[in-house]
Amino acid sequence: MTAAILAEGVRRDFGAVSGLGPLDLTIDDGEFVCVVGPSGCGKSTFLRIVAGILRPTAGEVTIATRGDGKVPLSMVFQDHGIYPWKTVEQNVRFALEVNGFGRAEARQRTDHWLGQLGLAEFRKAYPSTLSGGMRQRVGIARAFALDPEILLMDEPFAALDAQLRQVLQEELLGLWQRDRRTVVFVTHSLEEAILLGDRVVVMSARPGRVVRSTEVPFERPRAAAVRDSAAFADLKAQLWDCLRHEVDAYLATVSGGTDA
Ligand SMILES: Nc1ncnc2c1ncn2[C@@H]1O[C@H](COP(=O)(O)OP(=O)(O)OP(=O)(O)O)[C@@H](O)[C@H]1O
């Protein structure tokens with residue numbers, strides 16, 4: 001299998017602060033990888049480097065796509081990343097049109113995804129009039145509508161209520177099972193990571209490196225009920241053992257006030 005994303009020795013410093021790495025990670029074409037790690041370890045920084053919106057201080061990320069989609073790569077940001085001066089509908093349609101979708105297809109995809117995300121009746125609303133969770137749904141609708149070959153998601157469901165989160169997790173699983181796009185999904189929830197991912201990557205405390213990479217053994221298609229199995233609980237406990245060590249390291253730096 002070919003690598004869709006190959007990260008080699010990727011580091012990013014912010015002034016005197018080492019934000020990330022060196023990080024090495026290979027993500028296969030069509031693989032769904034979930035990334036967990038303590039707060040501030042560099043998860044968003046890594047995604048932004050993969051997305052090409054931030055340069056690494058050292059190292060390299062190589063992206064290889066199949067070329068069978070109109071959009072090679074798209075990202076759902078933690079802070080929504082939507083335009084405040086465009087309506088909900090315009091935010092989604094504009095992204096499609098600038099990425100080469102014709103007007104009719106852009107309209108059809110916009111309608112479909114606004115409907116899927118419960119935003120149809122808010123299509124004419126401006127983002128400032130929406131709740132944080134709704135703004136996040138606009139960002140998700142836009143990314144899903146683009147159907148990119150590589151989808152980068154930075155805690156996309158964190159601001160949503162539990163029910164909507166579950167609906168969208170299942171929607172994302174369904175989409176992925178149909179098209180096998182490459183997905184890199186950052187989350188604070190181990191449960192979400194195990195439910196969705198082919199693999200869970202645990203990052204160290206800042207500057208984040210990969211400390212564990214574990215295949216998720218549950219068969220696809222996967223439903224939310226897999227969460228109730230003993231094997232799920234067991235895997236979650238194993239990953240938490242590893243993650244807790246890194247969270248403790250992070251807490252020690254915060255309470256010690258060190259910056260190294
Ligand atoms: N523009 C910036 N200027 C200065 N420091 C930055 C900048 N962006 C990120 N950092 C620092 O780099 C480190 C990694 O940040 P990043 O946001 O990637 O972490 P994260 O793992 O995504 O955090 P969280 O889980 O809290 O969202 C943090 O210590 C952060 O403060």
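This report walks through a predicted model of a protein, from its overall build down to a few single residues.

## The whole protein

Let's start with the big picture. The chain folds into seven helices and nine strands. Its radius of gyration is 18 Å, close to the 18 Å that the globule rule gives for 260 residues, so the protein is as compact as a globular protein of that length. If you lay the C-alpha trace along its principal axes, it spans about 50 × 45 × 40 Å.

How much of the protein is buried? Of its 260 residues, 47% count as buried. Many contacts also reach a long way along the chain: among those between residues at least 6 apart in sequence, 71% join residues at least 24 apart.

## Surface and charge

On the outside, the protein exposes about 11,700 Å², and carbon and sulfur atoms supply 51% of that area. As for charge, there are 30 positive and 33 negative side chains. The centres of these two sets lie 6 Å apart.

## Helix H5 and its neighbours

Now zoom in on H5, which covers residues 162-179. This helix has 18 residues and reaches 26 Å from its first C-alpha to its last, close to the 26 Å expected at 1.5 Å a residue. Its buried residues are Leu-164, Leu-168, Gln-169, Leu-172, Leu-173, Leu-175 and Trp-176. Try following those numbers along the helix in the structure. An α-helix has 3.6 residues a turn, so residues three or four places apart point the same way.

What do the buried residues of H5 pack against? Their partners are a mix of strands and helices: strands S3 (32-36), S6 and S7 (182-186), plus helices H3 (103-116), H4 (132-146) and H6 (190-196).

## Leu-160, in the loop before H5

Leu-160 sits in the loop between strand S6 (150-154) and helix H5. Is this residue buried or exposed? Leu-160 has a relative accessibility of 9%, and anything under 20% counts as buried, so Leu-160 is buried.

Leaving out residues up to four places away in sequence, Leu-160 touches Gly-133, Gln-136, Arg-137, Ile-140, Arg-165 and Leu-168. Leu-168 is also one of the buried residues of H5. Gly-133 is 27 residues away from Leu-160 along the chain, yet the C-alpha atoms of the two are separated by 5.1 Å.

## Helix H2 and what comes after

H2 runs over residues 88-98. Val-88, Glu-89, Asn-91, Val-92, Arg-93, Ala-95 and Leu-96 are its buried residues, and their cover includes H3 and H4.

Val-98, also in H2, gives you a contrast: its relative accessible area is 55%, so Val-98 is exposed. The C-alpha atoms of Val-98 and Phe-77 are separated by 19 Å, with their positions 21 residues apart along the chain. After H2 comes Gly-100, which has a positive phi near 95°.

## Lys-236 on helix H7

Lys-236 belongs to helix H7, residues 230-256. With 31% relative accessibility, it counts as partly exposed.

Which residues does Lys-236 touch, not counting those up to four places away in sequence? They are Leu-190, Glu-191 and Ile-194. Ile-194 is 42 residues away along the chain, and the C-alpha atoms of Ile-194 and Lys-236 are separated by 7.4 Å.

## Backbone oddities

Where are the cis peptide bonds? One joins Gly-21 and Pro-22, with omega about 10°; Pro-22 is in strand S2, residues 17-28. Another joins Arg-206 and Pro-207, with omega about -5°. Pro-207 is in the loop between strand S8 (199-203) and strand S9 (210-215).

Two residues that are not glycine have a positive phi: Asp-147, near 50°, and Glu-155, about 45°. Asp-147 lies in the loop between H4 and S6, while Glu-155 is in the loop between S6 and H5. Asp-147 has a relative accessible area of 22%, so it is partly exposed. Glu-155, at 13%, is buried.

Key: Residues are numbered from 1 along each chain as its sequence is written. This is a predicted model: local features need pLDDT of at least 70, side-chain atom pairs count only at pLDDT 80 or more; totals for chains, interfaces and linings use all residues. Side-chain values use heavy atoms; hydrogens and water are left out. Helices (H or I, at least four residues) and strands (E, at least two) are DSSP runs, numbered from the N terminus. The radius of gyration is taken over C-alpha atoms; the globule rule is 2.2 Å times the number of residues to the power 0.38. Buried means under 20% relative accessible area, exposed over 50%, partly exposed in between (1.4 Å probe, protein chains only). Contact means heavy atoms within 4.5 Å. Accessible areas come from the Shrake-Rupley method with a 1.4 Å probe; for residues, only the protein chains shown count as cover. Lys and Arg count as positive and Asp and Glu as negative; His and the chain ends are not counted. The place of a charge is taken as NZ of Lys, CZ of Arg, CG of Asp or CD of Glu. The expected span of a helix is 1.5 Å times one less than its number of residues.
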